Amino acid sequence: MDNEMIEFDIGLGSGGGDDDGVDMDDEEMVDSPAHITTSGGGGAGASSELYLPEGDLLDLEPYEGMEFESEEAAKAFYNSYARRVGFSTRVSSSRRSRRDGAIIQRQFVCAKEGFRNLNEKRTKDREIKRPRTITRVGCKASLSVKMQDSGKWVVSGFVREHNHELVPPDQVHCLRSHRQISGPAKTLIDTLQAAGMGPRRIMSALIKEYGGISKVGFTEVDCRNYMRNNRQRSLEGDIQLVLDYLRQMHAENPNFFYAVQGDEDQSMSNVFWADPKARLNYTYFGDTVTFDTTYRSNRYRLPFAPFTGINHHGHPVLFGCAFLINESEASFVWLFNTWLLAMSGRPPVSITTDHDAVIRSAITQVFPETRHRFCKWHIFKKCQEKLSHVFFKHPNFEADFHKCVNLTELIEEFESCWLSLVDRYDLKDHEWLQTIYSARRQWVPVYLRDTFFAEMSITQRSDSMNSYFDGYVNASTNLNQFFKLYEKALESRNEKEVKADYDTMNTAPILKTPSPMEKQASELYTRKLFVRFQEELVGTLTFMASKAEDDGEVITYQVSKFGEDHKAYYVKFNVLEMKATCSCQMFEFSGLLCRHILAVFRVTNVLTLPSHYILKRWTKNAKSSVILEERTSDVYTNYLESHTVRYNTLRHEVFKFVDEGAKALETYDVAMGALQVAAKKLSHATKNEGKPGMANGRVKGNLVTDGSRANCTTDDLERCSGQHLSEDDMDRRIRELTNELESANRKCEVYRANLLSVLKDIEDHKQQLSIKVQNIKISMKDGL
């Protein structure tokens, strides 16, 4: 034994371990090669081949003294024996020669041999994200082989007994050492993956081809891992194309932003880029963002993830793109920080992503103040997969699920409906359903209505999610094609925006009511947004609003559709501040006023939209750098608004006065007396409207005072000098000066209106020129 040394293979096989990042459904591992061939007496150097026993060896049980041509042949025989019996194997220890280092002894063991290594040094500095199930139970079953001088290997020890149950034949294919992807299977997987099929569909095809899952020889997890590794190897070979493109774009325009995680000259993991237009769009529409990871569901072969939003026409708009090869939490943190840097450090109000714990953790770290929402429609799609048996057995389940999620108005109503749903369909113990219920505050609309997501209704599907590159990037797209299709998608989206701008600026919408508010909205909003607002405004005609409560400052109205009093919405209206909130929270969610608030505006004589309810991001001038808050019609609009405020304030006070005065006969008499006095004063004030009053021989407001020449014109100097005017002369002169002042004010308003009209024309002309320039660019590109 002096010329030998002992090795122990405690690394659990080929780089594996309990914390391996590769998806596996058990802990068992073995030095399992990728290729499978039959034994032909390969030598020691053939360690990359798996030798399968032939002939009588297939049915033999190991015994001491049994000989094999090579170590690999012995390993393959023991693994074949294990498959027949029902357990998995791995290499445990080895002994090497001190002379040349060659392996001269091996021990193969049951995969449940020994116990898990709980060495604190391995885990104290890092948190294990996904702890594995403990499968090692100290089993003693093993096979030891030793190399003879002849070069053959002989069995030196064999332990048959196991201390655990063995696996039945129809489940053996799930054991790690027996899960091998054969060459023909790999070829078929490669072909189907190139056609855009995902691992689940590929496994279905393999099961059909081989006649059963047990004959396939591996699981869907193995297929998924193989496909992912295949894709990563392909991407690593072509990724230089991405870097060359990004460097070229940055050289052409320094405002083109790109970043690579790690060193560009080394093995790249992730990359992000945003062109100047994407960065500019974010300044206008960056209040809500969608991070699309559709590729993770194998819709795309490329690990492509765009950041998108919604522009003023309701179209998806791009905020940047990423290629994600490494999908760890640290990588997502890097990506979100990099994207935030490119967007000038301004985080969005809200962000929508797929339902994923890793992404959620990264967003919590990078965007702690941003409201994070899971894409509801991705969850609905997943629901059809996870609950397919329920959909098949209960045709009404889908409608009930939709009603519970989308049509409940209150949190309490949703909670009650959900409990009833899971009880009715016996789903209380369904693990996936419980998982999404625990995350309900991040995808169920009733919990999200208080945050802006730029969607036109609570139940509408967001068009920004996975739709920006639809029709361009698909399952068969590879890196060689990607950037050409990417640029075509950008051109198409830009052309649609130009067309929408043109329609908005050059066509007038058809008004359906005589309301000044509708006319005002038609002049402010883009065409699509105006149509949506018009729907709400016309919808008010079927709603009734009645006062439910008045606390002195805020009046609460109950708003319901005619004949549907049981389904009421509640609008709180502050008359003095002209602010209203509705229980449906449509304005908070979409940025447009709901029909319930508009119904209250109708009954309270609010004739135009208050400025704080007009979001610039939805207007024609959303992307304008010129501030045109006012328009030619502002004089009239301001009059309407000020008249509305005065009207509502007076009415509010009068209602309180009437309520108090009608309580008793004495208060009634006092109230009537006060009203009569007020009526006389109001009548006197009406007759003298615009005429300054007199007080102690002086005109109020110091328009003209005794002995003062400050307000006399040149023609009046002689009259004002050294003599007192009679009261009639003073009244006449005051009326003349008042008329002159009113005339001057009218002229100022006309000049002001003309100036604003000129500025508006300049802005309109600027936008039209921009549209023409874009059309010329598109025509030139088409010509090339």
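**Figure 1. Phe 543 stands opposite Lys 561 of strand β17, in an open sheet of 4 strands.** The model shown is predicted, so that local features are described only at pLDDT of at least 70 and side-chain atom pairs only at pLDDT 80 or more, whereas totals for chains, interfaces and linings use all residues; residues are numbered from 1 along each chain as its sequence is written. Side-chain values rest on heavy atoms, with hydrogens and water left out. Strand β17 (residues 554–561) is joined to β16 in the antiparallel sense over 7 bridges, where strands are DSSP runs of E with at least two residues, helices are runs of H or I with at least four, and both are numbered from the N terminus. Two strands are taken to pair if DSSP finds at least two bridges between them. The sheet follows the order β16-β17-β18-β19 with antiparallel pairing, and its edge strands, β16 (543–550) and β19 (579–582), each pair on one side only. Neighbouring strands are turned by 25° against each other on average, direction ignored. Helix α19 (residues 595–603) packs on this sheet, touching β16, β17, β18 (568–574) and β19, and its direction makes about 75° with that of β16. Here contact means heavy atoms within 4.5 Å, while axes are lines fitted to C-alpha atoms (for helices over the stretch in contact), with angles running from 0 to 180 degrees between N-to-C directions.

**Figure 2. An open sheet of 7 strands with mixed pairing carries helix α7.** The strand order is β9-β10-β13-β12-β11-β14-β15. At the edges stand β9 (257–260) and β15 (371–374), each with a single partner strand, so one side of each is left without a neighbour in the sheet. From one strand to the next the twist averages 20°. Within the sheet, strand β10 (residues 270–274) and strand β13 (residues 316–324) run antiparallel and are joined by 4 bridges, with Leu 324 in β13 as the bridge partner of Asn 270. Helix α7 (residues 276–285) packs on the sheet and touches β9, β10, β11 (288–291), β12 (304–310) and β13, its direction making about 125° with that of β13.

**Figure 3. Strand β8 is mostly covered and pairs with both β4 and β7.** Of the 7 residues in β8 (residues 153–159), 5 are buried, a class that means under 20% relative accessible area, against over 50% for exposed and values in between for partly exposed (1.4 Å probe, protein chains only). Strand β4 (residues 67–68) runs antiparallel to β8 and is joined to it by 2 bridges, and the partner of Glu 67 in β8 is Val 154. Strand β7 (residues 142–147) is also antiparallel to β8, here through 6 bridges, with Ser 142 matched to Val 159. A hairpin is formed by β7 and β8 with 5 residues between them, and in its turn Gly 151 has a positive phi of about 95°.

**Figure 4. Helices α3 and α4 pack against each other at an angle of about 140°.** The axes of α3 (residues 183–194) and α4 (residues 199–210) lie 10 Å apart. The two helices are therefore oblique to each other, the class left when angles under 35 degrees count as roughly parallel, over 145 as roughly antiparallel and 65 to 115 as roughly perpendicular. The contact is made by Pro 184, Ala 185, Leu 188, Ile 189, Leu 192 and Gln 193 of α3, together with Ile 202, Ala 205, Leu 206 and Tyr 210 of α4.

**Figure 5. Leu 433 is a buried residue of helix α14.** Its relative accessibility is 1%. With neighbours within four places in sequence left aside, Leu 433 is in contact with Leu 387, Phe 401, Trp 418, Val 422 and Leu 427. The C-alpha atoms of Leu 433 and Val 422, which are 11 residues apart along the chain, are separated by 8.9 Å.

**Figure 6. Ala 454 and Gln 585 have positive phi values.** Most residues other than glycine have a negative phi. Phi of Ala 454 is near 60°; this residue is found in the loop between α14 (431–438) and α15 (479–506) and is buried, with a relative accessible area of 5%. Phi of Gln 585 is likewise near 60°, in the loop between β19 and α18 (586–590), but Gln 585 is partly exposed, with a relative accessible area of 24%.
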